[in-house]
Amino acid sequence: MDWGKKNRMDRIIRPDGHTLMLAVDHGYFLGPTSGLEKPRKMIMQLAPYADCLMPTRGVLRNCVDTNIDIPVVLRVSGGTSVIGKEILHEGITVSMKDAVRLNVAGVAFSIMVGSEYERDTILGLSQVVDQAEEYGIPVVAVTAVGKDMARDDRYFALASRIAAEHGASIVKTYYCDRFERVVDTCTVPVVIAGGKKLPEMEALEMAYKAIEAGAAGVDMGRNIFQADNPVAMIKAVRAIVHEKATPREAYNILKANSRKKK
Ligand code: 5RP
């Protein structure tokens, strides 16, 4: 691997092999998502505890200070919305030239394996990988999943492996039972999305089980920024990702930090 790409990978995944990525890209299909109505305030208070930020270019340019010291994985897919008919049909929304201009450490692109549009999205991923490799930029492939699809290890292992086979350097997928199988059969590091907001203890247990199963980390959004105390929650997740904390220990960190002034 060339120095530039390796350096970017090392900035995203820390020396212990783990990463806490903070997903704040939701507006690209959800609009002003709860917790991110004013992205700047939320992002700037959480960023000190994250290893990496995952925004859109709009949020990055308008809501993130330029002197921030954190690698950015830029969302470069979209084109559909939560109220449209074809949410599982994303295309490329950002040129690699603009990604380079934004000094990113990586780019993120969603594929929709098993949907009517899987071919378009997998070809889109391949195109992004071709362009990104020219500049040594790692691609994070996100395995998006339709409402009526089975959320099991068979599906996530299939979608994750397909993403890796098409050149993704990291795969972002969802936690499921027998998650070891998803990690073991994927040839690149795997991180989990948090998904819809869960009770805090359940989100911490999910992060713990994913790390135990071999995940490189989490790329979590709503379960952090929609928590009652987002800073306390990111500190708790961080303890699981980097300090081998159990869910109970992490929950105690959450509670101790929640008592402090928000
Ligand atoms: C969509 C995405 C989201 O925009 C986001 O990054 C997911 O994060 P979370 O589920 O933890 O809120 O990846 O496919």
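Me: Happy to be looking at this with you! In β8, which residue is the bridge partner of Val142?

Reply: Welcome! This is a predicted model, and in it strand β7 (residues 139–143) pairs with strand β8 (residues 170–173) in the parallel sense, over 3 bridges. For Val142, the bridge partner in β8 is Lys172.

Me: What is the order of the strands in the open sheet of 8 strands?

Reply: The pairing in this open sheet is parallel. At its edges are β2 (52–54) and β3 (73–75), each of which pairs on one side only. Neighbouring strands are turned by 25° against each other on average, direction ignored. From one edge to the other, the order is β2-β1-β10-β9-β8-β7-β6-β3.

Me: Let's look at β6. How many of its residues are buried?

Reply: On one side of β6 sit Gly106, Ala108 and Ser110, and on the other Val107, Phe109 and Ile111; all are buried, and both faces are covered. β6 is therefore largely enclosed by the rest of the structure, the count of buried residues being 6 of the 6.

Me: Which residue in β7 does Phe109 stand opposite?

Reply: β6 runs parallel to β3, joined by 3 bridges, and there Leu74 has Val107 as its bridge partner. β6 also pairs with β7 in the parallel sense, over 5 bridges. In β7, the residue opposite Phe109 is Ala141.

Me: At about what angle does helix α6 run to β6?

Reply: Helix α6 covers residues 118–135 and lies across both β6 (106–111) and β7. Its angle to β6 is about 165°.

Me: Which helix gives the most to the largest nonpolar core?

Reply: Nonpolar side chains tend to be buried together in soluble globular proteins. Here the largest nonpolar core has 91 residues, and Val73, Val107, Ala207 and Val237 have the most contacts inside it. With 8 residues, the helix that gives the most is α11 (residues 230–243).

Me: Is Thr80 buried or partly exposed?

Reply: Thr80 is in the loop between β4 (77–78) and β5 (91–92), and it touches Phe29, Glu86, Ile87, His89 and Glu90, leaving aside residues up to four places away in sequence. A buried residue needs 20 or more other C-beta atoms within 10 Å. Because Thr80 has 19, it is partly exposed.

Me: Which residues are closest to the ligand?

Reply: The ligand is surrounded by 14 residues. By class, this shell has 6 nonpolar, 6 polar and 2 charged residues. The closest are Ala23, Ala193, Gly194, Gly221 and Arg222.

Terms used: Residues numbered from 1 in each chain as written. Predicted model: local features only at pLDDT ≥ 70, side-chain atom pairs only at ≥ 80, totals over all residues. Near = placed C-beta within 6 Å. Nonpolar A, V, L, I, M, F, W, Y, C, P; charged D, E, K, R; others polar. Core = buried A, V, L, I, M, F, W, Y, C linked by C-beta atoms within 7 Å. Buried ≥ 20, exposed ≤ 12 C-beta atoms within 10 Å, placed from the backbone. Helix = DSSP H or I, 4+ residues; strand = E, 2+ residues; numbered from the N terminus. Pairing = 2+ DSSP bridges. Axes fitted to C-alpha atoms, helices over the stretch in contact; angles between N-to-C directions. Contact = placed C-beta atoms within 7 Å.
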